[in-house]
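Dear colleague,

Here is the structure I promised to pass on to you. My notes on what was found in it follow below.

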Amino acid sequence: MILAAVVECIIYDAHSLKDKRSVVKRITTRIGGSFNIAISEVDYHDLWQRTCFELVTTSPDRVRAERVIDQALALIDSFPEIERTAADKQWL
């Protein structure tokens, strides 16, 4: 099973692309190292305070894939400088 999630976020404290890159890098590194997930910033590259991640995981069953994606979303929510505004999951 392949599960993908598109996550849109707002970064309130970013006042430059450098600030944004710092937050995005911290999140992608942490999620990539903690879970069996591929993560990448896929949209809003030129906006300071918005970002969009895509997370993808594979698993032999649906329950494990959902659990891993939900844990990654909870980790994103744990960062105080970013707010998740939308998350759309899709089975591939």
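Strand 2 and strand 3 form a hairpin with six residues between them, and Tyr-44, in the turn, has a positive phi of about 60 degrees; Tyr-44 does so although it is not a glycine. Helices (H or I, at least four residues) and strands (E, at least two) are DSSP runs, numbered from the N terminus, and two strands are said to pair if DSSP finds at least two bridges between them. Before you read further, please note that this is a predicted model, in which local features need pLDDT of at least 70 and side-chain atom pairs count only at pLDDT 80 or more, whereas totals for chains, interfaces and linings use all residues. Residues are numbered from 1 along each chain as its sequence is written, and side-chain values use heavy atoms, with hydrogens and water left out.

To stay with the hairpin for a moment, Tyr-44 lies in the loop between strand 2 and strand 3, and it counts as buried because its relative accessibility is 19% (buried means under 20% relative accessible area, exposed over 50%, and partly exposed in between, with a 1.4 Å probe and protein chains only). Strand 2 and strand 3 (residues 50–58) run antiparallel and are joined by five bridges; Glu-41 has Phe-53 in strand 3 as its bridge partner, and Ile-39 stands opposite Leu-55 of strand 3.

Turning to the overall fold, the protein has two helices and four strands, which follow one another from the N terminus as β-α-β-β-α-β. The four strands make an open sheet in the order 2-3-1-4, with antiparallel pairing, and its edge strands, each pairing on one side only, are strand 2 (38–43) and strand 4 (82–91). From one strand to the next, the twist averages 25 degrees (axes are lines fitted to C-alpha atoms, for helices over the stretch in contact, and angles run from 0 to 180 degrees between N-to-C directions). Helix 1 (residues 17–34) packs on this sheet and touches strand 1 (2–11), strand 2, strand 3 and strand 4, its direction making about 10 degrees with that of strand 3. Helix 2 (residues 62–78) lies across strand 1, strand 3 and strand 4, and runs at about 165 degrees to strand 4. Strand 1 and strand 3 pair in the antiparallel sense over nine bridges, and in strand 3 the bridge partner of Ile-10 is Arg-50.

One residue that you may wish to look at is Lys-20, which is found in helix 1 and is buried, because its relative accessible area is 3%. Leaving aside neighbours within four places in sequence, Lys-20 is in contact (heavy atoms within 4.5 Å) with Ile-11, Ala-14, Glu-41, Tyr-44, His-45, Leu-47, Trp-48, Arg-50 and Thr-51. The list thus includes Tyr-44 and Glu-41.

As for the protein as a whole, its radius of gyration is 13 Å, which agrees with the value near 12 Å for a compact globule of 92 residues (the radius is taken over C-alpha atoms, and the globule rule is 2.2 Å times the number of residues to the power 0.38). Along the principal axes, the C-alpha atoms fill a box of roughly 40 × 20 × 15 Å. Buried residues make up 34% of the 92 residues.

With best wishes
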